[in-house]
Amino acid sequence: MSGLDDAWSVSRLARTLKDRVESEFPATWVKGELVGVKRYPSGHVYFGLRDDLAKIDCTIWRSVAARLKTPIEEGAEVFALGTPSVWEERSALRFNVVQVLPASAVGASAQNVERIKQSLLADGLLDPGRKRPLPEYPSRIAVITSVAGAVVRDIITVARRRWPAIELLVINAAVQGDNAPGELVAALETLALLDGIELCIIGRGGGAKEDLAAFNDEAVCRAIAAAPVPVISAVGHEVDVTLADLVADLRAATPSQAAEFALPERAEVARQVTMLDTRIQAALHASLTRRSERLERTRDRMASALLQRLRTAERRVLAAAGSLPASLERHVRRPRERLAALGARLEPAVTRRLIRLTATLDRDAAKLHALSPLAVLGRGYAVATDEQGHVLRRTADFKTGASFTLRVSDGTIPARREAT
Amino acid sequence: MTTEPTLGDDLKRLEEIVRRLEADDLPIEEALRIFEEGVGRLRTAKTRLADAETRVQQVLRDTAEGDGVRLEPLDG
């Protein structure tokens with residue numbers, strides 16, 4: 001308890017009460033009956049809100065009164081949204097109202113939405129398994145909305161940025177008011193008459209809650225469920241989820257977001273196309289390379305089998321040449337001719353190898369020829385052999401008086417060693 | 001109205017062509033044939049991507065012809 005010395009002024013008490021009340025209470029919905037309604041020329045509206053036990057004075061300022069749709073009528077049962085405040089001059093408590101809804105309508109509407117939801121649930125229309133995937137690269141999509149609103153413009157803006165090559169077919173329908181459900185249903189039924197439609201966006205711009213009624217309408221929800229293409233709902237309300245949102249294949253908060261869900265990013269798809277281009281070229285190239293490698297392997301196996309036979313022939317030729325110097329030419333020539341004839345029938349790589357081999361054979365034959373004793377004798381040398389045919393290599397081999405044979409290039413000459 | 005293949009059809013087919021070429025169990029004639037088809041579809045896809053026009057039309061119900069609809073350009 002405070003003393004007399006620090007007694008408060010009345011205005012301090014009034015201000016403190018005002019501060020306390022206004023800081024303690026967030027905006028609150030209050031249900032009550034409207035009593036003592038007074039409209040002032042200034043445009044402000046004053047009334048009381050009461051129930052069986054209590055009453056509070058309320059104020060609706062001119063700016064709020066001008067946009068209120070629910071009539072403020074004596075005796076009406078309403079929901080009022082507002083904040084309590086203190087009028088300092090009289091330290092009087094006031095409830096400053098910013099929104100009023102008729103209690104009967106709100107209650108009935110909420111109950112109705114719940115009833116429709118149960119009915120949709122019972123028919124399986126809200127099953128997550130019913131959600132259809134969106135087309136990946138749509139080229140033609142339908143937009144159901146009011147052409148008077150901003151929805152079409154918003155979608156076009158997003159389309160031009162993300163995916164310009166799109167055709168939008170706009171089906172006009174009222175999105176609020178008594179005609180809205182019927183027009184929305186008719187628009188949804190029109191989808192079946194359009195060719196090549198891959199997706200439908202149904203929506204409206206942002207707005208107050210009571211404007212959402214058409215999107216809680218049972219016939220509209222059932223028409224969305226029956227749509228021949230996936231439907232994105234874009235009711236333009238972040239907080240409240242409508243039944244149309246629940247039954248649609250995808251829910252977007254706004255029409256712009258719906259367009260972003262619906263349309264791929266062109267740059268991304270262009271990258272994908274470039275990648276496919278690269279892959280298709282690489283795949284064909286790899287496929288051709290593999291085929292050509294298989295061909296080469298086959299050819300190589302054929303070539304090496306042939307070369308094996310050629311080497312065998314070569315060895316036989318050389319062996320024959322070594323053991324039969326006198327008939328060297330004939331023995332070398334015949335296999336070589338056969339080889340040449342064979343080579344001519346082979347494909348170029350083998351032929352080249354054959355030509356090399358033949359050249360080697362030619363060189364070897366020439367070498368063999370040079371080394372043959374006949375060729376040596378041709379250069380003016382002679383070979384002496386004794387009567388047994390032994391070659392006489394040194395002076396000691398020649399016994400005095402012994403006969404021997406001197407072989408020169410074209411024949412033999414009988415000879416004898418004279419005494420020295 | 002639109003019965004020609006969409007970009008989605010083209011891209012799907014291109015994926016399939018690439019897979020078949022990569023699988024390499026095709027006769028060479030078939031490989032070359034689908035490669036050529038792929039090149040054609042790539043060209044179409046690139047043309048489509050280059051298309052920058054967003055067309056907006058309003059669907060109007062033709063009550064005179066029962067279930068008919070007609071399209072009229074709508075200014076975005």
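How many residues lie between strand 2 and strand 3 of chain A in the hairpin that they form? Select both strands to begin: the hairpin has 4 residues between them. Strand 2 covers residues 45-50 and strand 3 covers residues 55-60; the two run antiparallel and are joined by 6 bridges. To locate one of the pairings, display V45(A), whose bridge partner in strand 3 of chain A is I60(A). The model on display is predicted.

**Confidence**

Colour chain A by pLDDT before proceeding. Its mean is 84, and 84% of the residues reach 70 or more. Two elements of chain A mark the extremes: helix 6 (residues 218-225) has the highest mean pLDDT, 96, and helix 12 (residues 373-378) the lowest, 62. Where pLDDT is low, the predicted coordinates should not be read in detail.

**From the hairpin to strand 5**

Keep strand 3 of chain A selected and add strand 5, residues 92-102. These strands of chain A pair in the parallel sense over 2 bridges. Highlight C58(A) to find its bridge partner in strand 5, F95(A).

**The sheet shared by both chains**

Next, select strands 6 to 10 of chain A with strands 1 and 2 of chain B. The 7 strands form an open sheet with mixed pairing, in the order 10(A)-9(A)-8(A)-6(A)-7(A)-1(B)-2(B). Strand 10 of chain A (250-252) and strand 2 of chain B are the edges; each has a single partner strand, so one side of each has no neighbour in the sheet. From one strand to the next, the twist averages 25 degrees.

Zoom in where the chains meet within this sheet. Strand 7 of chain A pairs with strand 1 of chain B in the parallel sense, over 5 bridges. One place to centre the view is E167(A), whose bridge partner in strand 1 of chain B is R55(B). Moving on to strand 2 of chain B, one finds an antiparallel arrangement, with 6 bridges joining it to strand 1 of chain B. Here Q58(B) has E72(B) as its bridge partner.

**Chain B and its contact side**

Now isolate chain B. It has 2 helices and 2 strands, which follow the pattern α-α-β-β along the sequence. Of its 76 residues, 20% are buried. Among contacts in chain B between residues at least 6 apart in sequence, 29% join residues at least 24 apart.

Restore chain A and select the residues in contact across the two chains: 36 from chain B and 38 from chain A. On the chain B side, helix 1 (7-23), helix 2 (28-50), strand 1 and strand 2 each supply at least two residues. Helix 2 of chain B gives the largest share of that side, 9 residues. By character, the side of chain B that touches chain A divides into 19 nonpolar, 8 polar and 9 charged residues.

**Helix 5 of chain A**

Which residues of helix 5 of chain A are buried? Select residues 180-190 and pick out A180(A), P181(A), L184(A), V185(A), A187(A), L188(A) and T190(A), which are buried. An α-helix has 3.6 residues a turn, so residues three or four places apart point the same way. Within chain A, the buried residues of helix 5 pack against strand 6 (140-145), strand 7 (167-172) and helix 6. They also pack against strand 1 (55-62) and strand 2 (68-73) of chain B.

**The nonpolar cores**

Show the largest nonpolar core, which has 53 residues; those with the most contacts inside it are I141(A), V143(A), I144(A), I155(A), C200(A), I201(A) and I224(A). Helix 4 of chain A (residues 151-162) gives the most to this core, with 6 residues. Centre on I144(A): among the residues that it touches are I171(A), L184(A), L188(A) and C200(A). A second, separate core has 17 residues, including L276(A) and A283(A) together with L14(B) and L21(B).

**A final sheet in chain A**

The last stop is the open antiparallel sheet of 3 strands in chain A, in the order 11-12-13. Strand 11 (383-385) and strand 13 (411-416) are its edge strands, each pairing on one side only. Neighbouring strands of this sheet are turned by 30 degrees against each other on average, direction ignored. Strand 11 is joined to strand 12 (residues 403-408) by 3 bridges; select V383(A) to see its bridge partner in strand 12, R407(A).

Terms used
Residues are numbered from 1 along each chain as its sequence is written. Chains are lettered from A and ligands numbered from 1 in the order in which they are written. This is a predicted model: local features need pLDDT of at least 70, side-chain atom pairs count only at pLDDT 80 or more; totals for chains, interfaces and linings use all residues. Two strands pair if DSSP finds at least two bridges between them. pLDDT is the predictor's confidence in each residue, from 0 to 100. A residue is buried if 20 or more other C-beta atoms lie within 10 Å of its own, exposed if 12 or fewer, and partly exposed in between; C-beta atoms are placed from the backbone. Two residues are in contact if their C-beta atoms, placed from the backbone, lie within 7 Å. Ala, Val, Leu, Ile, Met, Phe, Trp, Tyr, Cys and Pro count as nonpolar, Asp, Glu, Lys and Arg as charged, and the others, Gly among them, as polar. Axes are lines fitted to C-alpha atoms, for helices over the stretch in contact, and angles run from 0 to 180 degrees between N-to-C directions. A nonpolar core is a set of buried Ala, Val, Leu, Ile, Met, Phe, Trp, Tyr and Cys residues joined through C-beta atoms within 7 Å.
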